[in-house]
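Subject: Structure handover

Hello,

Here is the structure I said I would pass on. Please open it beside this email and follow the residues as they come up.

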Amino acid sequence: MDVPHDGTGLSAELPEEYVEDITGSVLLLQVIGASSACAMIFGGVVPFIPQYYEIKRTNNSDGFSLYVCLALLVANILRILFWFGKRFETPLLIQSMIMIVTMMVMIRLCVEVRRNHVILKVRDRVLSDMDLRFFWKWTDFQSYVDCTMLMAIVGSIVTYMLLDVPIFVEILGFSALLTEALLGVPQLQRNYISKSTEGMSVTMVLMWTAGDVFKTLYFLVRDAPFQFWLCGILQVSVDMAILSQVHLYRHNVPAHHSSRSD
């Protein structure tokens, strides 16, 4: 059999050890890529696990703001709609779907815990009341489900009508990521008002911070649309502000436990 040669007359065949090294490097890169994708898909959900068990353990959800769930629901609905106008990596799309389910699980737990703490029976607050004073402070889980579905339907209709307008698509993407970047603001505000972080899982915030740093670096390395990494930097800044509250209010305890559903 003739051995292929390059232009210099030397054998063009690579030594066997070189082939093995190249194959091993390719395999390693594939493993790293798959691991990074899995981290992106499930990394956003993991920080809520300690908070979930903290609420279950204490049977008290006062330290966790349901507006965090609202921010993430809006952000991920908008991100899914953004995907139809400007395709980004599939792991980020799957992450949004999983995050929506996770937020509904967190909301259901908080609603159940708060209903169990009601001493005097009062009139239920539901979405159909159309009372803005109690928006996202409802006492039944179904109202949160209906509101989330309504947001998704309205957003889908508007996106379908304006999908061919480039500026709308860019604003949609920026709105999605800016909302997610500010998800920690309700928790930041709650801590500031109560001058305490009691009931908030510090582990959750630490995992938020680690995940957001990883996510921002992932966006930069993968050359994601600029909206992703810009809002990632903002998100890390909010995380650091919440962690600073943990240190600042470490000796404080809340004056009373609120029974509100916010």
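Trp136 is buried, with a relative accessible area of 0%. Keep in mind while reading that this is a predicted model. The rings of Trp136 and Tyr144 have their centres 4.9 Å apart. Their planes stand at 85°, and an angle over 60 degrees counts as edge-to-face, so this pair is edge-to-face. Tyr144 is buried, as is Trp136.

Trp136 also pairs with Phe135, and that pair is tilted. Its centre-to-centre distance is 6.0 Å, with 40° between the planes. Phe135 has a relative accessible area of 31% and is partly exposed, whereas Trp136 is buried at 0%. Ring pairs join Phe135, Trp136, Trp138 and Tyr144 into a cluster. In the structure there are nine aromatic pairs.

Next, the chain as a whole. How many helices and strands does the protein chain have? There are nine helices and zero strands, so every element in the run from the N terminus is an α. The chain has 262 residues, of which 39% count as buried. Among contacts between residues at least 6 apart in sequence, 77% join residues at least 24 apart. The accessible surface comes to about 15100 Å², and carbon and sulfur atoms account for 67% of that area.

Part of the surface is a nonpolar patch of about 1200 Å². Its residues include Met149, Ile153, Ile157, Met161, Val165 and Ile171. The elements that give two or more residues to this patch are α5 (141–162) and α6 (166–181). Helix α5 gives the most, with nine residues.

Two residues of α5 make a useful contrast. Met161 is in this helix, and so is Thr159. Which of the two is buried and which is exposed? Met161 is exposed, with a relative accessible area of 64%. Thr159 is buried, at 5%. The cut-offs explain the labels: buried means under 20%, and exposed means over 50%. A polar atom of the Thr159 side chain lies 2.7 Å from the backbone oxygen of Gly155. Leaving aside neighbours within four places in sequence, Thr159 is in contact with Leu81, Phe168 and Leu172.

Another buried residue to look at is Arg79, in helix α3. Its relative accessibility is 1%, so Arg79 counts as buried. What joins the side chains of Arg79 and Gln95? They share a polar contact of 2.5 Å. Not counting residues up to four places away in sequence, Arg79 touches Phe88, Leu92, Gln95, Ser96, Ala176, Leu177, Glu180 and Phe228.

Last, the salt bridges, which number six. Three of them are worth finding on the screen.

The side chains of Glu170 and Lys86 meet in a salt bridge with an N to O distance of 3.0 Å. Why does this pair tie together parts that are 84 residues apart in sequence? The reason is where the partners sit: Glu170 lies in helix α6, while Lys86 is in the loop between α3 (66–85) and α4 (90–116). Glu170 is partly exposed at 27% relative accessible area, and Lys86 is partly exposed at 30%.

Arg115 and Asp124 form another salt bridge through their side chains, at 3.8 Å from N to O. For a salt bridge the nitrogen must lie within 4 Å of the carboxyl oxygen, so a distance of 3.8 Å qualifies. Arg115 is partly exposed, with a relative accessible area of 39%. Asp124 also counts as partly exposed, at 33%.

The side chains of Asp131 and Arg133 meet in a salt bridge as well, at 2.8 Å from N to O. Here the labels of the partners are not alike. Asp131, with a relative accessible area of 24%, is partly exposed, whereas Arg133 counts as exposed at 61%.

If you want an order for going through the model, start with the ring cluster of Phe135, Trp136, Trp138 and Tyr144. Then turn to the nonpolar patch, to which α5 gives the most residues, and finish with the salt bridge between Glu170 and Lys86.

Regards

Key. Residues numbered from 1 in each chain as written. Predicted model: local features only at pLDDT ≥ 70, side-chain atom pairs only at ≥ 80, totals over all residues. Heavy atoms only, no water. Patch = residues over 30% accessible without salt bridge, like charges linked within 9 Å, V, L, I, M, F, W, Y side chains within 5 Å. Areas by Shrake-Rupley, 256 points an atom, 1.4 Å probe, with all protein chains shown as cover. Helix = DSSP H or I, 4+ residues; strand = E, 2+ residues; numbered from the N terminus. Buried < 20%, exposed > 50% of the residue type's maximum accessible area, 1.4 Å probe, protein only. Polar contact = N/O pair within 3.5 Å; in protein donor to acceptor, adjacent residues only side chain to side chain. Contact = heavy atoms within 4.5 Å. Phe/Tyr/Trp six-rings, centres within 6.5 Å; stacked < 30°, edge-to-face > 60°.
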